[in-house]
Amino acid sequence: MKQIVFTIGKENVYNEVAKTTSYTGAKMDDEDAYDRIFTTDSDREMLERFWNESKNTITGSLKKFLVDETESEGSYTLTLELSSAFDETLVESMERSLFSFFVMNITSKWYTFTNKKEATDYAAGAASNVEDIMRKAYFKKKPQRPTYN
């Protein structure tokens, strides 16, 4: 078995959520959309709840592989135990999908209050990221036949 460690920075996720909500609000025809949709520092308490809900979702989805999960100093770390045939070239892609899951899941929850018509699309995107992570976690490299000289 192989242990794989993923680390997601909470501040990086919050910054990406802010960019996403800012962009969405700025591109709408509604004059009040930007102020209504864009997440600010004063929204952090609510975002913190969504962050914790996202952690619960991802640990529930990955519980078959989960060895440990911790959060300290603004970083969330997941340690997974995967098959010894797991293809380690997938680790970076899995980490990107994990990051995207957090951004999209938090954004979808935020949009249920501020931008209902896009909330479902972001929730579907978050779910798609979880599926991507799971497919990669189950993927195994083909065994290679030894070569002899």
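**Exercise 1. Which residues of helix 3 are buried?**

Before we start, a word on the model: it is predicted, so local features need pLDDT of at least 70 and side-chain atom pairs count only at pLDDT 80 or more, while totals for chains, interfaces and linings use all residues. Numbering starts from 1 along each chain as its sequence is written, and side-chain values use heavy atoms, with hydrogens and water left out.

Solution. Take buried as under 20% relative accessible area (1.4 Å probe, protein chains only). Leu47, Phe50, Trp51, Ser54, Lys55, Ile58 and Thr59 then come out as buried in helix 3. Next, look at the cover, with contact meaning heavy atoms within 4.5 Å. Strand 1 (2-9), helix 1 (10-27), strand 2 (66-72), strand 3 (75-82), helix 4 (91-114) and helix 5 (116-138) are among what covers these residues.

**Exercise 2. Work out what span helix 3 should have, and check it.**

Solution. Helix 3 covers residues 44-61, which is 18 residues. The expected span is 1.5 Å times one less than the number of residues, so helix 3 should span 26 Å. Its end C-alpha atoms lie 25 Å apart, which agrees.

**Exercise 3. Place helix 3 in the order of elements along the protein chain.**

Solution. Helices (H or I, at least four residues) and strands (E, at least two) are DSSP runs, numbered from the N terminus. The protein chain has five helices and three strands. Read from the N terminus, the order is β-α-α-α-β-β-α-α. Now zoom out: buried residues are 44% of the 149 in the protein chain, and its C-alpha trace spans about 70 × 30 × 25 Å along the principal axes.

Terms used
Buried < 20%, exposed > 50% of the residue type's maximum accessible area, 1.4 Å probe, protein only.
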